[in-house]
Amino acid sequence: MPLQETTAPPDTMPSPLTDAQLGLWLAHQIRPGDADLHVVRAFRVSGPLDRTALHRALEDVTTAHPALRSLHPADGSGSPVRSVQPPPGAPDWSDLGSGSDRELADFHRRPFDLETEPPVRAGISRPDPDGRTLVAFCFHHIAMDAVSAAVFCRDLAEAYVARTSGGPPGTATRPSGRPRPSHATGRRSVTGRADAEAAAAYWAHRMSAPPAPLVHAPAARVPATGRPARTGELRRGAPAVRALRQTARSAGATVHMVLTAAYAAALADVFQRDEVVVGCPVSLRGAGDADVVDCLVTMLPLRVRPEDGFGVALLGQVRERSIEAQRHRTVPAAVLAGAAGAATLETPYQAVLDIRQEAVARLPLRGCRSEAVDTEAGSVQYPLDLEARIGRDAVRLVLRTDAAAVAPRQADAVLTALDALLWPAPPPRDGRPEGGAP
């Protein structure tokens, strides 16, 4: 359906932040320069790029998605609110110069002022010697998640088609007057007070007497720019993807559960712990929220005891606790922190696991060819943060660690343990030494 220029009056009444957004707002106050709170999508575009049409397409998309033209000031009582600005509210375009990796990294790391600046910025370079133009978008996580980033790119591409054809703007985007999705409003329980109290009681039970931390990284030591990160990665091809899915099917689990179980077992082995707490982002999207751009995720802690290592028993434990956590997912982060006796919102999670099923971001601009470009923040929110990128023919595990708290040998040992647990080497055939002639 065509993108609708809203005729409804602008939503000038500030609204409370959701629990997930409140946690991100507080993290931003503590670490205003932490680029790990930013979500970046960048592309090198080849072909006859119409810059004017691209700029207008961005205006169309920000008109359609209120989260992208919102400010996040504190109200008179000091509580943060969201204030949606009138359309179009498109950001100014930053000059990315020659489009080098360094210029993209600087664009990625530039801080946001959430009180006065919309949570999106755009950048564009001049063409390089090969005729490619770097086009990049940086969002603050308070208004963006991975699913939303894909929606944004899709809508921008469709709006660009409309603008280059000379017709009215058009995408599959919903009009800007659409209410915020109810599933995002974690503090407004959609299941009633009794269920909210039951969820709080569940987490108080599950998180009582938390295990000893994996590493000693007190929040007071975290600089305003975030924890300096060290990055390591493990890549495997199509057979590894098939093996992951086969393991999940055999255990009646999901790929996410398999990776969570293996990650917990690897952490327990490397750091010599009987129990670990893995933070897992989960979606708060409900029916009808597929096309919404906003931060519609929360983080839930899975407390895992890998007593017998990685196997059927551990997969069953992770499956059971994942289902329980999903049933109690609409709970404020402050409740989780309080249940664990934590002083900050980060403490309940000893390590974090995030899984992306889309291996490659896409921006199919009409008449052009786009190639996705990766960029690193250089910082990390949590001491250990594992991102699994799973495509049809490849899996990539990227482990980012707090360089000041986790030794390189420990980080490397976690990836080595994951590799051995998920894809064990087959035994030698015919009794011959491994690597021998067939």
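# Exercises on a predicted model

Cys-368 has a relative accessible area of 16% and is therefore buried (buried means under 20% relative accessible area, exposed over 50%, partly exposed in between, with a 1.4 Å probe and protein chains only). The model is predicted: local features need pLDDT of at least 70, side-chain atom pairs count only at pLDDT 80 or more, and totals for chains, interfaces and linings use all residues. Residues are numbered from 1 along each chain as its sequence is written, and side-chain values use heavy atoms, with hydrogens and water left out.

## Exercise 1: cysteines

Task: state how many disulfides a search of the whole structure finds.

Solution. A disulfide is a covalent bond between the sulfur atoms of two cysteines. The cut-off applied is a pair of cysteine sulfur atoms within 2.5 Å. The search finds 0 disulfides. Cys-295, at 2% relative accessibility, counts as buried.

## Exercise 2: the open sheet

Task: give the strand order of the open sheet and name its edge strands.

Solution.
1. Helices (H or I, at least four residues) and strands (E, at least two) are DSSP runs, numbered from the N terminus. Two strands pair if DSSP finds at least two bridges between them.
2. The 5 strands lie in the order β5-β6-β7-β2-β12, with mixed pairing.
3. The edges are β5 (93–95) and β12 (369–373), each of which pairs on one side only.
4. β2 (residues 38–46) runs antiparallel to β12, and 5 bridges join them. In one of these, Val-45 has Ser-370 of β12 as its bridge partner.

## Exercise 3: Ser-379

Task: describe the surroundings of Ser-379.

Solution.
1. Ser-379 belongs to strand β13 (residues 379–380). Its relative accessibility is 3%, so Ser-379 counts as buried.
2. Contact means heavy atoms within 4.5 Å. Leaving aside neighbours within four places in sequence, Ser-379 is in contact with residues including Asp-34, Thr-225, Arg-227 and Arg-400.
3. With Asp-34 there is a polar contact between side chains, at 2.6 Å (a pair of N or O atoms within 3.5 Å; within protein, one must be able to donate a hydrogen and the other to accept it, and residues adjacent in sequence count only if both atoms are side-chain atoms).

## Exercise 4: helix α8

Task: compare the expected span of α8 with the distance between its end C-alpha atoms.

Solution. The expected span is 1.5 Å times one less than the number of residues. For the 16 residues of α8 (residues 312–327) this gives 22 Å, and the end C-alpha atoms are 23 Å apart, which agrees. Buried residues of α8 include Leu-314, Val-318 and Arg-321.
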